[in-house]
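Q: Could you take me through one part of this model closely, and then show me how the rest fits around that part? I would like the residues spelled out.

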Amino acid sequence: MSSITVDGLTRRFGDLIAVDHLSFDVKEGEIFGMLGPNGAGKTTTIRMLACLISPSEGSAIIEGHDIVSDSIKIRQIVGILTETQSLYERLTVYENMAFFSEAYGVSNTDHRRERIGELLEFFDLWERRGHPVGTLSRGMKQKLAMARALVHNPSVLFLDEPTVGLDPEASRMIRDLIQKLSQHQKCTVLLCTHRLEDAERLCSRVMIVNRGRNMITGTPQELGERIAGRRTLEITLRELSESVIEAVRASRHVEAVDVNNLESKLLVTADDLDSITPEIVKDLVSAGGLITGVNITRPSLEDAYLSLIREGPT
Amino acid sequence: MRIDKVLLVFRKDWAELRRNWQVVLPIVLLPLMISMSLPMILNSLSNSITMPGSALGTFEIIIRNLPYQTRREVEGMTYPQATIYMISIYLIAPVFLTIPILTSSVIASDSFAGEKERRTIEALLATPMSDAELFMGKVLVAFVPSVTITAGSSIVYSIATDLILSGLFNGRLLFPNPIWILVTFGLAPAIAIASIGLTVMISLRVKGFREAQQLSAFLMIPIMLLTFVQVSGVMILGSVIMLGSIVLFLMIDAILLYHGVEAFKRDEILSKLA
């Protein structure tokens, strides 16, 4: 079942088209990534979906509510981590949480206190609850902004760069939390990030956007293979010789061999690498090659992303 | 519109405001200094009125041309008493009308434009509170302190004037005075709302609170004009003009608040930040 359905969403600022007929859907409990360079339209898309700005064209339905006609209802069920942390620096950590908790309609005082305590404990901010936010480090502020986004138990989360400014341990904690929210609470997550490793680890599907347009959508693996090419067999030898290279070229099913003399590596392109790799290794050994390493490399999401952003879709 | 949400925004902004000494100090200290120093200045003026060549000699003409109702107030007073009475009651009143303008424009620009500048507005606008609730909460946080400070300054001025000038008026107290009651509790709040309304309109169009504050200073011009008009003897801020001004400002308030709510749209605010 779709939690978010976006159809032809467009936003213009004067002559500038920030988001251009964007369409996608996100299933309930799915972590959906939105990747793109600065100015690609990611933040504008999130702002439209969170009912902060209205679309110039198109529509979007979130949990059955239309973003134009039912904006208050959507704001109640959506949690948002904005690009800027948007925290009140003169208020304390607890006051920030209490304000947003009440603003989101958590009216029961005991429930509110319990929820805030639970989140601040989780993010290691309980000890700092009485401190003004202005005195916190950037990473702590980011964690507090994340805690604020969760204060009303939203069923949909919009996260704009959630791990930015965090140390590796805190980044991992946030990634684990996002996964837990998706798996155990069926919380739908729309994740905007520049960190491709975050998208690769977390997202079941990603969409690459550029100049407001959807360039491609798929699983991180699909995108890697579809855009950046097929898997390759990487063979490292102690020494490269013509006879060894010829032996590989002559092997059955091998389509192309790239030679890296500097690192004594052969990059082999072929169909069905899993079944023909032993044959190629056998041919190499027969030709007198001394193999030090064999590895099948998969094009990463990063390769796909860079290829798409630099050269356009292939 | 839910009152609890309006009060929630008010409480949040109030908590922020009272910790911001850069905003609090000028809006509290300046009115306090004005209300303490003016009675002392009036006292020294009273001693110099009868001196040859005193600039206050021209007041005789103004007093002679006062409207009948106002002239009755100074009947039986000596010339120095009448002059000081006119200055302390009528000429100083517009000075106190600048206090709600000053305080409310500083607070409103910090609350509206400041929130944009500090980039805290996005999370606030993402909450399920309506535009009108957010707007009214922010209007309230500028209105309550500015009216309280004006009333406080007015009370301090009244007590200090009565104490310092009691000798000149042979124990007769000048305050409380109906004109000042109207100024403090009628015209000043009405002017404060107008000032907030205008500051909001300006704040929504500019990026920073300093720009909003500087542009809001233009509101002082009509009040300064009122002082000059009175000094020149053209018009005196009597009870009829005062009541008329209150009604006029209430109408302006209604128009500005209506347009303020209309202009306070999430879409507009964030589109300008984009």
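A: Happily; here is a walk through the helix packing of chain B, followed by the interface and some details of chain A. Please keep in mind that this is a predicted model.

Let's begin with the overall makeup of chain B. Chain B has 13 helices and 0 strands, so its pattern along the sequence reads α-α-α-α-α-α-α-α-α-α-α-α-α. The C-alpha trace of chain B spans about 65 × 35 × 30 Å along its principal axes.

The part to look at closely is the pair formed by helix 6 (residues 93–117) and helix 8 (residues 131–165) of chain B. Their axes come within 8 Å and cross at roughly 155°. Because of that angle, helix 6 of chain B is roughly antiparallel to helix 8 of chain B. The crossing of helix 6 and helix 8 of chain B is right-handed.

Which residues of helix 6 of chain B meet helix 8 of chain B? On the helix 6 side they are B:F96, B:I99, B:P100, B:T103, B:S104, B:I107, B:A108, B:S111, B:F112 and B:E115. On the helix 8 side, their partners are B:F135, B:K138, B:V139, B:V141, B:A142, B:P145, B:S146, B:I149, B:T150, B:S153, B:S154 and B:Y157. By class, the residues of this contact between helix 6 and helix 8 of chain B divide into 13 nonpolar, 7 polar and 2 charged.

Another pair in chain B is worth setting beside that one. Helix 2 (residues 21–48) and helix 5 (residues 79–91) of chain B have axes that come within 10 Å and cross at roughly 160°. That angle is why helix 2 of chain B is roughly antiparallel to helix 5 of chain B. Helix 2 of chain B passes helix 5 of chain B in a right-handed crossing. B:L42, B:L45 and B:S46 of helix 2 of chain B make this contact with B:I84, B:I87 and B:S88 of helix 5 of chain B. Here the residues in contact divide into 4 nonpolar, 2 polar and no charged.

After helix 8 of chain B comes a backbone detail. The loop between helix 8 and helix 9 (178–205) of chain B holds B:P176. B:F175 and B:P176 are joined by a cis peptide bond, with omega about 0°.

Now for the neighbour of chain B. At the interface, 27 residues of chain A are in contact with 27 residues of chain B. The two chains bury about 2700 Å² between them, with 58% of it on carbon and sulfur atoms. The rule finds 4 salt bridges across the interface of chain A and chain B. A:E102 forms a salt bridge with B:R11, where the closest N and O atoms are 3.3 Å apart.

Over all chains, the structure holds 22 salt bridges. One of them pairs A:R175 with A:D198, the closest N and O atoms being 2.8 Å apart. This pair links distant parts of the chain, with A:R175 in helix 6 (residues 168–184) of chain A and A:D198 in helix 7 (residues 196–202) of chain A, 23 residues apart.

Helix 6 of chain A also takes part in helix packing. Helix 5 and helix 6 of chain A pack at an angle of about 10°, with their axes 12 Å apart. Because of this angle, helix 5 of chain A is roughly parallel to helix 6 of chain A. A:K143, A:M146 and A:L150 in helix 5 of chain A meet A:M173, A:I174, A:L177, A:I178 and A:L181 in helix 6 of chain A. The residues of that contact divide into 7 nonpolar, no polar and 1 charged.

One last backbone detail belongs to chain A. A:D124 lies in the loop between helix 4 (109–122) and helix 5 (138–150) of chain A. Phi of A:D124 is near 60°, a positive value in a residue other than glycine. For context, most residues other than glycine have a negative phi, and most peptide bonds are trans.

Definitions and conventions
Residues numbered from 1 in each chain as written. Chains lettered and ligands numbered in written order. Predicted model: local features only at pLDDT ≥ 70, side-chain atom pairs only at ≥ 80, totals over all residues. Heavy atoms only, no water. Axes fitted to C-alpha atoms, helices over the stretch in contact; angles between N-to-C directions. Helix = DSSP H or I, 4+ residues; strand = E, 2+ residues; numbered from the N terminus. Parallel < 35°, antiparallel > 145°, perpendicular 65-115°, else oblique. Left-handed = near helix turned anticlockwise from the far one by under 90°. Contact = heavy atoms within 4.5 Å. Nonpolar A, V, L, I, M, F, W, Y, C, P; charged D, E, K, R; others polar. Buried area = accessible area lost by both parts, 1.4 Å probe. Salt bridge = Lys/Arg side-chain N within 4 Å of Asp/Glu carboxyl O.
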